Amino acid sequence: MSSNPSPADNSENLYLSGHLAAWFKIIAVGMITLVAFEAVAVATAMPFIVDSLQGNRFYALASGIPLATQLVSTGLAGPWVDAKGPKPVMYTGIVLFLSGLLAATFSPGIGWLVVGRGIQGLGGGLLIVPLYVMVGAYVLPRKQGAFFAAFAIAWVLPSLFGPLVAGFLVDYVHWRWVFGSSPLAFIIFLPVMWVKFKQFPPLHATKPLKMRKRFMFATLASGTLIGALQIISGIKPQDIDAYVLGGTLVITVLLFIFIRRLLPTGTFLARRGVPATIAFRGLLNGTFIATETFLPFMLKNVHGWNPTQAGLVMTASGVTWAVGSWIQGRYPDEKQFRLFAKIGPLGQILGTLITMLSLVHGFGGWWVLIGWCLAGFSVGLIYPATSVHSLGMTPPAKHGKISSALQVSDTFGASSLIAYAGIVYALTYHFGSLAFAFTIGMLCLLIFVALWAGTRLFPEEVK
């Protein structure tokens with residue numbers, strides 16, 4: 001007989017009291033804030049970190065490897081949560097996340113930095129899925145939209161101060177503190193989380209964790225293949241030949257064969273309903289993250305901006321993303337969701353094109369700031385709502401699976417597109433600053449695909 005208490009048969013009994021729900025929001029937002037600070041700060045500092053470690057050609061790999069490993073752990077997180085509950089998964093994720101940060105902090109070279117970033121990604125993949133499941137189970141449906149909007153708004157302070165802090169650390173202290181500061185904050189934060197989460201009722205009696213061998217293999221293979229793409233992106237431009245391009249094509253085909261096992265059937269065809277929603281979200285997030293990864297690199301190389309100046313772009317777009325998320329949270333009905341699903345990708349396309357004006361002679365780097373503010377607002381206007389929309393079309397018993405699929409889509413989109421962007425940049429490197437135009441232009445074309453997928457978010461109406 002299980003020693004765990006059985007959850008109530010009526011799912012409504014799982015809803016937290018107002019007091020405990022408020023604490024849940026504080027803890028979740030605090031955790032996301034710390035993770036967001038790390039992401040924003042590292043993205044700002046990475047061009048200067050790889051330069052310090054003499055690993056500039058590994059820029060895309062060092063930036064994207066956490067997402068490749070995160071894909072593996074995210075795929076495992078869904079079944080693990082459904083079997084054992086969200087808390088063990090979350091605690092394991094925190095340990096791995098902090099371990100990776102410490103490894104990166106003390107890395108003696110670019111190789112160890114990549115290893116630490118990979119461990120960090122494994123932990124990150126185990127953090128968000130449990131939070132999504134907990135919101136779906138413990139929070140009243142009418143309040144879930146506000147929770148997911150708060151998750152997005154949790155990026156505001158990191159976006160405001162993360163780039164400035166990162167720039168200060170790189171310029172006046174040492175880049176290692178960009179990684180080393182978050183573990184200190186987590187240690188202070190963890191006791192509160194432990195005490196409050198112990199008061200949460202169990203979602204269900206624990207059951208054996210059973211993962212199909214095919215699923216496990218597909219998860220590991222997908223992460224490995226994305227890592228291989230990112231390694232290819234670090235090849236010297238003069239070393240790219242027909243064999244490298246052929247290998248890239250083979251890896252791409254295999255990647256799509258394996259990754260489709262981790263996503264709902266029909267995701268790559270944008271089949272109406274949940275599959276299209278997950279494809280839409282992955283494209284929006286992937287193109288946004290991949291573009292943003294290259295913007296500090298572009299501002300440093302083309303316009304000579306320092307870390308603090310380049311970080312302003314991250315700061316401003318984080319704020320406008322939060323504003324868009326706040327507006328979305330104020331209008332949670334279906335009519336507004338349909339409207340935002342059109343405005344979001346259109347605004348992202350326009351904003352991304354505006355950033356490319358900075359590559360035109362006579363246009364300064366500040367055009368990147370203007371364009372990326374618009375892109376951040378536009379994505380924030382629709383991105384958080386896709387979580388509520390997907391969970392709303394899914395039975396509660398499958399919330400873990402769908403939450404995992406949402407995160408897999410996010411991670412797959414970002415990690416693969418960072419790798420492909422790195423490959424495009426390497427292929428066009430000899431064009432000088434125009435290489436950034438080819439790279440970002442490729443990502444902009446994919447946003448048009450997201451715009452099409454956004455027309456298929458709802459199941460066909462029964463006539």
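**Note on selected residues of the model**

1. V95 has its place in helix 3, the element spanning residues 86-105. This is a predicted model, and the remarks that follow should be read with that in mind. V95 is exposed, its relative accessible area being 53%, which lies over the 50% cut-off used for that class. As for its position relative to an earlier part of the chain, the C-alpha atom of V95 is separated by 25 Å from that of A21, although the two residues are 74 residues apart along the chain.

2. S182, which is found in helix 8 (residues 176-197), is buried, with a relative accessible area of 2%, and that value falls under the 20% limit for buried residues. Leaving aside residues up to four places away in sequence, S182 touches L34, F37, E38 and L101.

3. Which two residues form a salt bridge with their closest N and O atoms 2.9 Å apart? The pair is R281 and D410, and the structure holds one salt bridge, with the N–O separation of 2.9 Å falling within the 4 Å cut-off that the assignment requires. Because R281 lies in helix 11 (residues 274-303) and D410 in helix 16 (residues 399-427), the pair ties together parts that are 129 residues apart in sequence.

4. Are the partners of this salt bridge buried or exposed? R281 is buried, and D410 is buried as well, so each has a relative accessible area under 20%.

Methods. Residues numbered from 1 in each chain as written. Predicted model: local features only at pLDDT ≥ 70, side-chain atom pairs only at ≥ 80, totals over all residues. Heavy atoms only, no water. Salt bridge = Lys/Arg side-chain N within 4 Å of Asp/Glu carboxyl O. Helix = DSSP H or I, 4+ residues; strand = E, 2+ residues; numbered from the N terminus. Buried < 20%, exposed > 50% of the residue type's maximum accessible area, 1.4 Å probe, protein only. Contact = heavy atoms within 4.5 Å.
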